[in-house]
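The following exercises concern one protein structure. Please work through each task before reading its solution.

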Amino acid sequence: MKSIFKSYKIKQFVFYTILVGLCFLLATCKSPTKPPEKDDGWKRIDLGARIFPGAISSDRFYVAYENGVAIFEDMTKPPDLEIKLDIVVLSIFPIRPRLTDKMIAYNRRGRSRNLYILDFTSKNVISVGTSDFGKYYDTEYSIYGVIQAIELDPVNKIHRFYAKMTKIVEEGAPLFIVYFDIQIDNENNMKLIDKGFWEFLTNDNIYIAPTENSIRYKNMVFYSYFCAFTKESTVAVIYDDLNFKILEDFQIGFTGNFWIWKDILYARLTTGDLRFTKDGENWIDFGSFEMGIANGNEIDDYLFFSRGINGIEYIYFYEEKNEIIYLYQIDSEFEGIINSINKYQEYLVITTYRAIYYHLFDDLLNTKTFIKKYNFIGE
C-alpha cells in the first residue's frame, strides 16, 4: 500500500513539474504576430459607393460618386460631402456623369431617361430629356451618359454638354449625339438656350457592353465608340461651332486610347498602330505602338497613364529628354480599376471605382523604376 502511494506521489510530482514547465514556456515565448503591412506611402479614401473619374478645377479637386460629389480643398482633410445626389450606375452601358468647376451633369437612379444638371453654388437643377429634341422624342428614348462638359463662354456663363440618345431597350435603334447649352443668369437661375443632335451610328448596331472614350482638344471634342459584339468602331469630331464629322478608317477599340502630350493629340488604333495630330485635322501615321495608354494625362511635362496586368493596375509615365522618351514605373499596385490620374496640390491622386488614393508626387518620382526608352513620338 505504501509503495502504491509513493508511486502515485511521484507521478503527481512529474505531472505538476511538466505543467509548471509548460506554463513557464508559454509565458516566456512571444506570440506570433502578423507582419506589418507594407507602408508604400499611398493613403486611401473611401466614399462607400462607386467612384467616377476625378477632375481638377481651379483650386479644388472634384470626385463624383454614386451618392453625390466629394469636393476637396486639402487632400489630407476630409472632403465636403454636402452635395448629395442619386447617380445611376449600369454595368452594361457606359453611363457616367461629367463635372465642370461649377456644375455636374448626371443621370438619376430610377429616372435615367433624362440628364440632370446641378449648379454647385445655388444647388439649382435643370433637366434635359428627349422631349427637348423635337420629332425624335419617344418614351423609349433616353439621354444617357455625358460625353463632355465644357464652360463654353465664361463671360456669359454658358456651359455646353454632349451626351448620347438612343432606345436602350431596343437593339438596332440609331445612336444620336446631342448637345445642349445651359446659361446661368445673375440670380443663378439656369435655362436651356440651345440644343441639337447628330445621328452618329445607324440602326444596324447593337448598343450593349460598349467601350468609349472622349477627349477635348483645341476647339474640338473627339468621341470614339466600340461595340464588342459587332467589332464596329467609329470616331466623331464635334467642333465648338457645331460642325460635325465622322473620321473614316479610324478604329479605336478600348477606353483610354486618346491622349494629349506636349500639345499633340495621339490615338492608338485597334491594330496597335499610332496616329498623331497637331491641329486635330491632319493625322500622321507613326507605326506600331506596343503599349496602350489608359487614363493618359500630362502632369508637369510627364505623360502619366495606367495599365492593367492580370487584374492588378499599375502606374507608368513617360519623360522626354533630347528627343528620346523614357518609360518609368512608379511604386503602386491597385486592385480596383483605375479611372483617372491627376495631380492636386503636391500629390498624385488616383481614383478607382472603389476608392481614392493619393501620394506625395515628388517621392514617387524619386523612387521610379526605369523600364525602357524610345525615339520621341510626335516629331
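**Exercise 1. Determine whether Tyr106 is buried or exposed.**

Solution. Tyr106 has a relative accessible area of 2%. Buried means under 20% relative accessible area, exposed over 50%, and partly exposed in between (1.4 Å probe, protein chains only). Tyr106 is therefore buried. Tyr116, at 10% relative accessibility, also counts as buried.

Before continuing, note the conventions. Residues are numbered from 1 along each chain as its sequence is written, and side-chain values use heavy atoms, with hydrogens and water left out. The model is predicted: local features need pLDDT of at least 70 and side-chain atom pairs count only at pLDDT 80 or more, while totals for chains, interfaces and linings use all residues.

**Exercise 2. State which class of aromatic pair Phe222 and Phe258 form.**

Solution. Rings of Phe, Tyr and Trp (its six-membered ring) pair if their centres lie within 6.5 Å; planes under 30 degrees apart count as stacked, over 60 as edge-to-face and the rest as tilted. The ring centres of Phe222 and Phe258 are 6.1 Å apart and the planes stand at 55 degrees, so this pair is tilted. Phe222 belongs to strand E15 (residues 220-227) and Phe258 to strand E18 (residues 258-261), so the pair ties together parts 36 residues apart in sequence. Both Phe222 and Phe258 are buried. The pairing rule gives a count of 28 aromatic pairs. Tyr106 and Tyr116 form a tilted pair, with 6.1 Å from centre to centre and 35 degrees between the planes.

**Exercise 3. Describe the open sheet that contains strand E10, and identify which strands stand at its edges.**

Solution. Helices (H or I, at least four residues) and strands (E, at least two) are DSSP runs, numbered from the N terminus. Two strands pair if DSSP finds at least two bridges between them. The open sheet has four strands in the order E10-E11-E12-E13, with antiparallel pairing. E10 (142-153) and E13 (190-201) each have a single partner strand, so they stand at the edges and one side of each is left without a neighbour in the sheet. Strand E12 (residues 175-184) pairs with E13 over ten bridges, in the antiparallel sense. Tyr179 stands opposite Gly196 in E13.

**Exercise 4. Follow the chain from strand E22 through E23 to E24, and find which turn residues have a positive phi.**

Solution. First, consider the general expectation: most residues other than glycine have a negative phi. Next, examine the pairing. Strand E22 (residues 294-299) and strand E23 (residues 302-309) run antiparallel and are joined by four bridges; Glu298 has Leu303 as its bridge partner in E23. Two residues lie between these strands in the hairpin, where Asp300 takes a positive phi near 50 degrees. Asp301 also has a positive phi, of about 75 degrees, although it is not a glycine. Asp301 is exposed, with a relative accessible area of 51%.

Then E23 continues the pattern: seven bridges join E23 to the antiparallel strand E24 (residues 312-321). Ile309 has Ile312 in E24 as its bridge partner. The hairpin of E23 and E24 has two residues between the strands, and Asn310 in the turn has a positive phi of about 55 degrees.

**Exercise 5. Find what share of the protein's residues is buried, and how many helices and strands the protein has.**

Solution. Of the 379 residues in the protein, 47% are buried. The secondary structure comes to two helices and 29 strands.
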